[in-house]
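Student: Please take me slowly through the salt bridges of this model, with attention to where the participating side chains sit and what surrounds them.

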Amino acid sequence: ILESLIAMLIDEVLTAKEAEDRWKLALGQIRQWIFQTPDKFAQGEIRKSNRIWLITRDAMVRHFGKEPEQ
C-alpha cells in the first residue's frame, strides 16, 4: 500500500520542462512565470530543487487547464 501511495504522489510533481512539454508551452515559460508572478502560486505548488524547478500537477491544471491529449 505504501509503495502505491508513493508512486501516486511522485506522479503529481513535474519538472518545469516536463510540464511545458505536456501542456505544449514554450520552453522556459513556467520558469519565467514563476519569477514574474510568484504570488499566483499557493504554498507547496512550486519548489526549486538544486537548479530544477518543480511544479505540482494541480497547479498546472489550475493555471493552464486540463493536460492536452497526447
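Tutor: The structure holds six salt bridges, a salt bridge being a side-chain nitrogen of Lys or Arg within 4 Å of a carboxyl oxygen of Asp or Glu. The model is predicted, so local features need pLDDT of at least 70 and side-chain atom pairs count only at pLDDT 80 or more, while totals for chains, interfaces and linings use all residues. Residues are numbered from 1 along each chain as its sequence is written, and side-chain values use heavy atoms, with hydrogens and water left out.

Let us begin in helix α2, which spans residues 16-23 (helices, H or I of at least four residues, and strands, E of at least two, are DSSP runs numbered from the N terminus). Here the side chains of Asp21 and Lys17 meet in a salt bridge, with 3.1 Å from N to O, and because these two residues are four apart in the helix, about one helical turn separates Asp21 from Lys17. Asp21 has a relative accessible area of 47% and Lys17 one of 41%, so Asp21 is partly exposed and Lys17 is partly exposed as well (buried is under 20% relative accessible area, exposed over 50%, partly exposed in between, with a 1.4 Å probe and protein chains only).

A further salt bridge in this helix joins Glu18 to Arg22, whose closest N and O atoms are 3.0 Å apart; Glu18 and Arg22 are likewise spaced by four residues in α2, about one turn. Glu18, at 29% relative accessibility, counts as partly exposed, and so does Arg22 at 26%.

Elsewhere, Arg62 forms a salt bridge with Glu45, the closest N and O atoms lying 2.5 Å apart. This pair links distant parts of the chain, since Arg62 belongs to helix α4 (residues 57-64) whereas Glu45 is in the loop between α3 and β2, 17 residues away. Arg62 is partly exposed at 48% relative accessibility, but Glu45 is buried, with a relative accessible area of 9%.

The surroundings of Glu45 deserve a closer reading. The loop that holds Glu45 runs between α3 (29-36) and β2 (46-49), and from there the Glu45 side chain reaches the backbone nitrogen of Ala42 at 2.8 Å. The side chains of Glu45 and Arg62 are also joined by a polar contact of 2.5 Å (a pair of N or O atoms within 3.5 Å; within protein, one must be able to donate a hydrogen and the other to accept it, and residues adjacent in sequence count only if both atoms are side-chain atoms). Leaving aside neighbours within four places in sequence, Glu45 is in contact with Lys40, Leu54, Ile55, Thr56, Ala59, Arg62 and His63, contact meaning heavy atoms within 4.5 Å.

Strand β3 covers residues 52-56, and four of its five residues are buried, so β3 is largely enclosed by the rest of the structure. Four bridges join β2 to β3 in the antiparallel sense (two strands pair if DSSP finds at least two bridges between them), and Ile46 has Ile55 as its bridge partner in β3. Strand β1 (residues 13-15) is also paired antiparallel with β3, over three bridges, where Leu14 has Ile55 as its partner.

To complete the charged groups, Glu12, Arg57 and Glu67 are linked in a network of salt bridges.
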